[in-house]
Amino acid sequence: MHRPSRIRLCLALIAVVVFGFPLLWMLYTGLKTPAELQAHPWRLPSRPTLANFATVLRDGAFGRYYLNSLVISVLGGLLSLLVGSLAAYGLARLRFRGRAGLLTLFLAGMMIPVHVTLVPLFVMLGKLGWLNTHAALILPYAAFGLPMTVFVLHAFFRRVPRELEEAGRLDGCSTWRLYWSILLPVAKPALATVAIFNFVTMWNEFVFALTLVGESESARTLPLGLWKFSDQFGDNLPAMSAAIAVSVLPALLVYFFAQKHIIRGLTAGALSG
Amino acid sequence: MTSRSRIGTIIAFVLPAGLLFFCFVLLPILQAVRYALFDWNLLKPDGATWAAGRNFGELLRDGVFWKCLGHNGLLAAISIFVQLPLALGLALLLAGRLPGRGVFRTLCFAPMVMPTVAVGFLWRFVYDPQVGLLEAVVWGPPQGWLGDPNTTLLAAVIAISWRFIGFHTVIFLAGLESIPPELYEAAEVDGASRVRQFRRITLPLLLPAATVSATLSLIGSLKYFDLIYVLFPEGSVADSSEVVATYMYRTVFRHYRAGYGSLLAVALFVIVMVVSVLFLWGARRRERLVLGGT
């Protein structure tokens, strides 16, 4: 078959419309006024206006939300990566009783519905006075990122040829040096994959943010910022569309440029099993 | 190395993760179980009264809970029997000859990169009875897809599928690409039809990928929260689209019933874990039977 069949093209077109058109619609709805939207919900805006975007940027404090999300996702991701890779290496190479059990415990963490920890974390962090701080999200995010981190890195470390470590040992490396100077550099692709997965997951996370940092703006993340924006502008569809666009465009841009890595990162756990 | 420094090394490597995991995952779960035994108001934790029996009894009699569970089950069934085949179809489409398939793949995976809040709001507007996208194309009930109790679950499922199909498509694509083309060539030489090739080569070799997708779909459906909450922040009409996770959330953070809400959460936890383990175990066995043990 040298030319794709017509059916294929047709189906592909349907897929494009289904996945692409809502996004496109949201984008140009943001350029309309509410009145125009009411009159012609479908058509391209006849007189595109940036007023909605101005409202979003002025009243939405999205700059701060971006910063919060960045800080929380980066720190949470780093913490999970560091602590998780240490544990993954220990579980892969160091032999001790209960090693299999501990590994199972971490992996089982992937199935745990996070909602069961919502109330206890709310109470615990409340008592510590950490509600509405960045730490309130960084720590639980890092903790819940551990199962995937350990899963991917453990599988990776086990496949690294032992000769590498034996050579290191002959040179007198301690376990720590083996890990830090030899295995981590070798694991860069796996680390990158996990880092992307954790970062995207934490960036988009909603429930914990809603519960643990919902009240004040100080640590509000992007998804939550969008949510709160709807409290004020929920009925103003063009404004909301602009807000969604502002929330989503940078991430989508990064995605379009790095899609191979991001797709691989997000499906890492599923494919490396 | 002396055994003391060896133990020290082991602890140094494993303890930090263990500690983090314990404090923020395991300990809260244990606490949730404890909370479930009492009846207390979230805002006044000191007024807790013992209510283990009462809470549990209420759970068994709670029509809303069982209804929610039914919705979770429906969600899981639709995910596995509708979403997955669609994803497979899309993967087959993208695996074959198609101009610009990179673009298609990017597009159908894009919803996975967006925050669920954004996806939720987007679909809320698509379903809006006055200016929504769907209204102009497809007939909708007068109160809108999100307002009519008969259509809410369907509306939610469509939104959820839109978000997740790309993910499963990528998994199936990876599975498809790992099938050696020689198998198809050999079958072609033997005169097998395309359909036969599909049934005898493609499907069995896709079983591991399908298992992964099915497992993730099942687990995800049971504990699903985000889109349902964003589509119906005040709850759906007559709880027509409520799931256990959102019901639990509203019980605790709207009605402040932290004790009963914790029981709901623990029930969700137990159900998810039990179902997951059973499913994984069953899927492993099936895989071994079909693929003949490796």
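## A starting point: B:Ala283

At 13% relative accessibility, B:Ala283 counts as buried, because the cut-off for that label is under 20%. This is a good residue to begin with as you find your way around this predicted model. B:Ala283 sits in helix H12 of chain B, which covers residues 258-291.

From here you can look across the chain to B:Phe65. The two residues are 218 positions apart in sequence, and their C-alpha atoms are separated by 28 Å in space.

## Chain A at a glance

Let us step back to chain A. Its secondary structure consists of 15 helices and zero strands. If you draw a box around its C-alpha atoms along the principal axes, the box comes to roughly 75 × 65 × 30 Å. Chain A has 273 residues, and 56% of them count as buried. Among its contacts with a separation of 6 or more, 70% link residues that are 24 or more positions apart.

The surface of chain A can be described too. About 12,500 Å² is exposed, with carbon and sulfur atoms supplying 66% of that area. As for charge, chain A carries 23 positive and 11 negative side chains, and the centres of these two sets are 9 Å apart.

## Chain B at a glance

Chain B contains twelve helices and two strands. Reading from the N terminus, its elements run α-β-β-α-α-α-α-α-α-α-α-α-α-α, so you will find both strands right after the opening helix. Along the principal axes, the C-alpha trace of chain B spans about 75 × 75 × 30 Å.

Of the 294 residues in chain B, 52% are buried. Residues 24 or more positions apart provide 66% of the contacts in chain B that have a separation of 6 or more. Chain B exposes about 13,500 Å², and 66% of this comes from carbon and sulfur atoms. There are 24 positive and 17 negative charges in chain B, and their mean positions lie 9 Å apart.

## The hairpin in chain B

Where do the two strands of chain B meet? Strand E1 of chain B (residues 38-41) pairs with strand E2 of chain B (residues 44-50) in the antiparallel sense, over three bridges. A hairpin of two residues joins E1(B) to E2(B). To see one of the pairings up close, find B:Asn41, whose bridge partner in E2(B) is B:Lys44.

How many of the seven residues of E2(B) are buried? The count is zero, and E2(B) is hardly covered.

## The largest nonpolar core

Now for the interior. In soluble globular proteins, nonpolar side chains tend to be buried together. The largest nonpolar core here has 194 residues, and the members that touch the most others are A:Phe62, A:Phe157, A:Phe206, A:Trp227, B:Phe109 and B:Phe121. Helix H7 of chain A (residues 135-159) gives the most to this core, contributing 16 residues.

A:Phe62 makes a good example to explore. Apart from its neighbours within four places in sequence, A:Phe62 is in contact with A:Val56, A:Leu222, A:Gly225, A:Leu226, A:Phe229, A:Ala243, A:Val246 and A:Ser247.

## A buried threonine in helix H7

Helix H7 of chain A also holds A:Thr149. Is this residue buried or exposed? A:Thr149 counts as buried because its relative accessibility is 0%. Beyond its neighbours within four places in sequence, A:Thr149 is in contact with A:Ser80, A:Leu81, A:Gly84, A:Ser85, A:Val194 and A:Asn198.

## Two loop residues with positive phi

Most residues other than glycine have a negative phi. Against that background, two residues of chain B are worth a look. B:Ala238 has a positive phi of about 55° although it is not a glycine. You will find B:Ala238 in the loop between helix H10 (226-231) and helix H11 (244-253) of chain B. B:Ala238 counts as exposed because its relative accessibility is 53%.

The other residue is B:Tyr256, whose phi is positive and near 60°. B:Tyr256 lies in the loop between H11 and H12 of chain B. With a relative accessible area of 32%, B:Tyr256 is partly exposed. From B:Tyr256 you can continue into helix H12, and so return to B:Ala283, where this tour began.

Note on methods:
Residues numbered from 1 in each chain as written. Chains lettered and ligands numbered in written order. Predicted model: local features only at pLDDT ≥ 70, side-chain atom pairs only at ≥ 80, totals over all residues. Heavy atoms only, no water. Pairing = 2+ DSSP bridges. Helix = DSSP H or I, 4+ residues; strand = E, 2+ residues; numbered from the N terminus. Core = buried A, V, L, I, M, F, W, Y, C linked by side-chain atoms within 4.5 Å. Buried < 20%, exposed > 50% of the residue type's maximum accessible area, 1.4 Å probe, protein only. Contact = heavy atoms within 4.5 Å. Areas by Shrake-Rupley, 256 points an atom, 1.4 Å probe, with all protein chains shown as cover. Lys, Arg positive; Asp, Glu negative; His and termini not counted. Charge placed at Lys NZ, Arg CZ, Asp CG, Glu CD.
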